[in-house]
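Trainee: I would like a close look at one part of this protein. Please take me through the sheet slowly, and then show me what else the chain does around it.

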Amino acid sequence: MHHLDSLLDSFCDYLTLERNLSDNTRLAYARDVRHLITYLQSESLGIADVQPEHLHNFLCTLIDLGIGARSQARLIAGIRSFFHFLLLERVISDDPSLLIETPRLPEHLPDVLDVSEIDAMIEAIDYSKAEASRNRAIIETLYGSGVRVSELTDIRLSRIDFSAQCMIVEGKGAKQRIVPLSPVAIEAIRDYLPDRDLLNIKRGAEDTLFLNRRGAPLTRVMIFYVVKNLAQAAGIRKKVSPHTLRHSFATHLLEGGANLRAIQEMLGHESIETTGIYVHLDRSKLMGELLAHHPHYKHYKTQE
């Protein structure tokens, strides 16, 4: 029985010798195989036990998280490279990756935005308008926490813990979960609150974070318009919706090397395991993953 972690180290050495790969591709392949190894360990599978259906289940897990198509194609290439290496090393005698295909993508899978495109959307905000601080807080919260648009419209001020940098959101099936909020998102929300206080807040909306100019809760449709209009103002030709920011959040974290389980927990997904017990990660662990691997927050890494 070969230890998966030591095989990963040997694979990284092998990639270094592969002269036809760019440094970026090498790093990406190593990251992708690390995600696969985490998955195999969670399923209690040794490398010799891996069958094509296990690899298919792993890829379906990533699609479930909304990982972009380009990242998926590279992931499959990385996995194939890993199993080719294992064949060369005679760790395995059959290559289960030969039969894997890209799982069928859901229709209308939103595009994933680059970090520069998200930055351009934030820069496109017109600060001469009263709703500018609110719109910046909306984008930073969507991209910074991966919440669904229905969860965003329902964020309660009383459920945000500014000092612990997290909030409680209610997801599908009335399931509540704790979502980390980065310093960037916290700062954007704090900047919005004085402008929010100037509104004539409607009865019953006192605790709702995001309000329209009449002091009533923002609807999902209004959030769609805010996101779509900022994407257009930034000159982005992709079809952009709030869900695009959720997909981008998951993709950028995965590509940054974040723990697959942590991403799932932040998104409010169930276990990556088809069997076994799901181990919940505590809030500080989730926060650590976000700070270490999210493009907007790397410079906020907590001081050791």
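Mentor: Here is a walk through the sheet, followed by some helices and a few single residues.

Keep in mind that this is a predicted model. The protein has 12 helices and 3 strands. It counts 304 residues, and 52% of them are buried. Now take the contacts between residues at least 6 apart in sequence: 63% of these join residues at least 24 apart.

Start with the sheet. It is open, has 3 strands, and follows the order E1-E2-E3. The pairing is antiparallel. Which strands sit at the edges? They are E1 and E3, and each of them pairs on one side only. Strand E3 covers residues 176-180. In general, strands of a sheet pair through backbone hydrogen bonds, either parallel or antiparallel.

Take the pairs one at a time. E1 spans 160-161 and E2 spans 166-170. They run antiparallel and are joined by 2 bridges. Find Asp-161 in the model: it stands opposite Cys-166 in E2. E1 and E2 form a hairpin with 4 residues between the strands. Gln-165 lies in that loop. It has a positive phi of about 55°, although it is not a glycine. Is Gln-165 buried, exposed or partly exposed? Its relative accessibility is 24%, so it counts as partly exposed.

Now the second pair. E2 and E3 are antiparallel too, over 5 bridges. Two facing pairs help you line up the strands. Met-167 stands opposite Val-179 in E3. Val-169 stands opposite Arg-177 in E3. These strands also form a hairpin, with 5 residues between them. In its turn, Gly-173 has a positive phi of about 65°.

Another residue has a positive phi without being a glycine. This is Ser-44, with a phi of about 55°. Look for it in the loop between helix H2 (23-42) and helix H3 (52-65). Ser-44 has a relative accessible area of 65%, so it is exposed.

Next, go past the sheet to helix H8. It runs over residues 183-197, which makes 15 residues. From first C-alpha to last it reaches 21 Å. That is close to the 21 Å expected at 1.5 Å a residue. Which residues of H8 are buried? They are Pro-183, Val-184, Ala-185, Ile-186, Ala-188, Ile-189, Tyr-192, Leu-193 and Arg-196. Here is a rule to hold against that list. An α-helix has 3.6 residues a turn, so residues three or four places apart point the same way.

Then turn to two helices that pack together. Helix H6 covers residues 132-145, and helix H9 covers residues 220-233. Their axes lie 11 Å apart, at an angle of about 90°. That makes H6 roughly perpendicular to H9. From H6, the residues in contact are Arg-134, Asn-135, Ile-138, Ile-139 and Leu-142. From H9, they are Ile-223, Val-226, Val-227 and Leu-230. By class, this contact has 7 nonpolar, 1 polar and 1 charged residues.

Pick out Asn-135 in helix H6. Its relative accessibility is 11%, so it counts as buried. Leave aside residues up to four places away in sequence, and Asn-135 touches Ile-125, Val-226 and Leu-230. Val-226 and Leu-230 belong to H9.

Lys-228 is in helix H9 as well. It is partly exposed, with a relative accessible area of 41%. Along the chain, Lys-228 and Val-240 are 12 residues apart. Their C-alpha atoms are separated by 5.8 Å.

Finish at Pro-295. You will find it in the segment after helix H12 (283-293). At 26% relative accessibility, Pro-295 counts as partly exposed. What does Pro-295 touch, not counting residues up to four places away in sequence? The answer is Val-115, Tyr-143 and His-252. Now compare sequence and space. Pro-295 and Gly-144 are 151 residues apart in sequence, but 9.4 Å apart in space, C-alpha to C-alpha.

Conventions: Residues are numbered from 1 along each chain as its sequence is written. This is a predicted model: local features need pLDDT of at least 70, side-chain atom pairs count only at pLDDT 80 or more; totals for chains, interfaces and linings use all residues. Side-chain values use heavy atoms; hydrogens and water are left out. The expected span of a helix is 1.5 Å times one less than its number of residues. Buried means under 20% relative accessible area, exposed over 50%, partly exposed in between (1.4 Å probe, protein chains only). Axes are lines fitted to C-alpha atoms, for helices over the stretch in contact, and angles run from 0 to 180 degrees between N-to-C directions. Angles under 35 degrees count as roughly parallel, over 145 as roughly antiparallel, 65 to 115 as roughly perpendicular and the rest as oblique. Contact means heavy atoms within 4.5 Å. Ala, Val, Leu, Ile, Met, Phe, Trp, Tyr, Cys and Pro count as nonpolar, Asp, Glu, Lys and Arg as charged, and the others, Gly among them, as polar. Two strands pair if DSSP finds at least two bridges between them.
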